[in-house]
Amino acid sequence: MDLMLNLKLRPSFFFSFLVFIFLLKSPEFGSAATPKCISTDREALLTFKQSLTDVSGRLSSWSGPDCCEWTGVLCDVRTGHVTNIDLRNPSQVVNSDEYKRGCLRGKIHQSLTRLKFLSYLDLSSNDFNGLEIPEFIGHIVSLRYLNLSSSSFSGEVPASLGNLSKLEFLDLYAESFSDSGPFSLRASDLKWLSGLSSSLTYLNMGYVNLSGAGETWLQDFSKLTKLKELHLFNCEIKNLPTSLSTSANLKLLEVLDLSENSLNSPIPNWLFDLTSLRKLFLRWDFLQGSIPSGFKNLKLLEMLDLSNNLGLTGEVPAVLGELPQLNYLDLSANEFNGQIHGFLDASSKNKDNSLVFLDLSSNKLAGTLPESLGALSNLQILDLSSNSFTGSIPSSIGNMASLKKIDLSFNAMNGNIPESLGKLAELVDLDLMANTWEGVLLKSHFINLRSLKSFRLTTEPNRSLVFKVPSTWVPPFRLELINIENCQIGPKFPMWLQVQTELNSVTLRNTGIADTIPHSWFSGIASDVTYLILANNRIKGTLPQNLVFPKLNTIDLSSNNFQGPFPLWTTNATELRLYENSFSGPLPANINVLMPRMEKLYLFHNSFTGVIPSSLCEVSGLQILSLRNNRFSGSFPNCWHRQFMLYGIDASENSLSGEIPASLGALPSLSVLLLNQNALQGKIPDTLKNCSGLTNIDLGGNKLTGKVPSWLSKLSSLFMLRLQSNSLDGQIPDNLCSVPNLHILDLSGNKISGPVPKCMSNLTAIARGTTNFEVFQNLVFVVTRARKYQDIVNSINLSGNNLNGEIPAEILDLSYLRILNLSRNSITGSIPGDISKLGRLETLDLSRNMLSGAIPQSLGAISSLQKLNLSYNKLEGRIPMLPKFEDPSIYIGNELLCGKPLPKKCPKDVNRRLL
């Protein structure tokens, strides 16, 4: 009694007493007073070490006399026997250099069986390069803990492991990270598990192939009556029994993970007999059907993951909202539909509700979000993205004070954002993008968002979502990511944005900013920003020069009113978009030094001058060079190398002169070549025939001479060939007809002579419409950022040449032809009578030729025809009834034509009037 009183009076003595007791029990305490390790154990460990390859020297301490002091070795303090070997990889950052250096390799020696008191063996996260798990490990019967996970074992799991009757923990997780390639561990017979039935509480066989274990695999596991955790992740299990007579044997099971198997079945009812379950993972199992009501039996369930099954349907049931311990629920990437009112109402009435994580994303859920959502007061993560929710965010969201992340992106939310959102002081990530919001955002929407780091908000361009925040207001948050599109922030660049200098990703697209941006803002974010997108505004002024952006990946300042010189920014960015501005002056001669990793360079629609720097040839990763509609002069660089991945060049609408560089033929990936509307001269270089992947060529509007190259027939992927408005001569080569994917042919405005080739019917892409022309058009769009050629797909334009002869009947086989222009030539003969075979024709221009005969009545049968010009020929006779074409200018210049819409009457008409 006196002692107890004394202890109460002297708390420091009581604390010291506890420390003393702890030290007595500590394995390290008193080690000097106990015998050193047993010599036979030491010899066994040294033999074991000799069989291993230790690149990093982790086992360098395994040389002293006392093995109990060696790294990873623990001995019994009383007997000196080795009890624990822990040689797990000290680095857990998989595939890092440190991880690879830390991997033990080699073989596992049988000397381990001489450690008669070994109870703990951990060889996880090493690389045994496909070694089979040694059978003798099953003879270390003293083991209670065995971890061989992620160590690149292969082959059959030895049945001898069933001898380890004391084993409590077994981890055979078999995902391999070896540089030698993946290795597969399998278990075709699970009968050995029965030997562990009275001891094993934890079993992880993730990535172990169980496809050969037969229909009884689950019954084999159910024999482990002490089991609390079972992990069978990605085990190639193909069947899930709908019933299990021995489910009662698993009454202690608390964690079950069957994720990433091809179960292809409904959720089985026997799961609901496992009433001790706390965590259930069934993601990526291709489960089907609705969620059963039996979940109400799992009163202890804390975590439920049914995500990515793709086929679970029905409403999210209220029974899940009634589970008292549930704190984690992931139903994402399924086919759940309907509203979530029932589930949320049940959750709000559940006084024990402890839900912290809720992910219902990527389903087909719809309707509005109810006010009962705000009752989830413990919720930290809310993801409802990629559904079809409508309406406004409920004002009760302000009651969810624990929220750290809200994701409502990619829905159809078409209402307002409540001011109560501004109460969420713990909110870190707010994603409201890809909806159709409207309304006004005030200072109160953001006033207490002191933790906010990521803010995404986009609406449709035709909606009105306006920031009405005082221009001088300084917010409590410092963002790392901002993405705002189609919302009205401007015209000023407000202070709440100016103070955001910790940004690593910036997107302010179509936000109405018409202000200058302080140079200090650019310099403030330069060190960390990776994405800088300020496109589709009216931002004016100049950009700061000589900044360094070490992390920048993408720069998009397009469609603004920026002026001044090209920014001399040092950056490793791979994409630069400055198009549709008013930049001027030359490009820097050392652009390859400033931007050495540039892949896509978009500078079109500016006022850049001077020569295109040849240093671009040294930007080895360049893929797209888009310089259209500037004032570049001089020759196009002639220094291209074979190693280039350059696949798109658009230098059209400039003042380039000289010849087309022959070195372009050294670019094996070149697909799109647009040099039209310049002053280029000379012949089309034969080296281009080496660019076998060319799909789109536009060299029109230059001063090119020579003949249409016959080697063009070798370009089997050619979709568009435009050589218009040059000085090419000679005849159209017959082998041009053999280009199988040609959809656009324009040779107009040249000096080409001879007949229209009869082989035109061999243009199979126009004859059969077989080519997926969207693929080719997309290639042009990636280079030009415009849909500039889509209106002339399936067209032939040979106008303004010296062609003669008749219109070949074979041309009528081009049944997908939309535009045919043979005007301003010297073509004779008649218009083919069965021209209606061109049933998809929209434009036909045969004007200013020497055609004779009657206009075919069949022209009226082409319902798609919208434009027609037959003027200035030698056509004769009555104009047929063509109700869509009653403009006299269509027929003018044909002296022998008569009848409406021309004023000249036909003889029959005259006779009828006289009668």
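Five disulfides turn up in this structure, a disulfide being a pair of cysteine sulfur atoms within 2.5 Å. In chemical terms, such a link is a covalent bond between the sulfur atoms of two cysteines. The model is a predicted one, where local features need pLDDT of at least 70, side-chain atom pairs count only at pLDDT 80 or more, and totals for chains, interfaces and linings use all residues. Residues are numbered from 1 along each chain as its sequence is written, and side-chain values use heavy atoms, with hydrogens and water left out.

The pairing pattern reads easily: with the bonded cysteines of the protein chain numbered in sequence order, it runs 1-2, 3-4, 5-6, 7-8, 9-10.

Take Cys37 and Cys67, whose disulfide has an S to S distance of 2.3 Å. Cys37 sits in the loop between helix 2 (11-25) and helix 3 (39-50), while Cys67 sits in the loop between strand 1 (52-54) and strand 2 (73-75), so the pair ties together parts that are 30 residues apart in sequence. Helices (H or I, at least four residues) and strands (E, at least two) are DSSP runs, numbered from the N terminus. Both Cys37 and Cys67 are buried; buried means under 20% relative accessible area, exposed over 50% and partly exposed in between, with a 1.4 Å probe and protein chains only.

Next come Cys68 and Cys75, joined by a disulfide with the sulfur atoms 2.1 Å apart. This link of Cys68 and Cys75 is left-handed, at -100° about the S-S bond. Its two ends fare differently in terms of burial: Cys68 is partly exposed because its relative accessibility is 23%, whereas Cys75 counts as buried at 9%.

Further along, Cys617 and Cys639 form a disulfide with their sulfur atoms 1.9 Å apart. The torsion about the S-S bond of Cys617 and Cys639 is about 75°, so this disulfide is right-handed. The pair links distant parts of the chain, 22 residues apart: Cys617 is in the loop between strand 40 (607-610) and strand 41 (624-626), and Cys639 in the loop between strand 42 (631-635) and strand 43 (648-650). Cys617 and Cys639 are both buried.

Two other cysteines are worth a look. Cys235 is buried, with a relative accessible area of 0%, and Cys487 is buried at 1%.

Away from the cysteines, Asn794 lies in the loop between helix 12 (773-784) and strand 53 (795-797). Asn794 is buried too, at 6% relative accessible area. A polar atom of the Asn794 side chain lies 3.3 Å from the backbone oxygen of Tyr816.

Definitions and conventions: A polar contact is a pair of N or O atoms within 3.5 Å; within protein, one must be able to donate a hydrogen and the other to accept it, and residues adjacent in sequence count only if both atoms are side-chain atoms.
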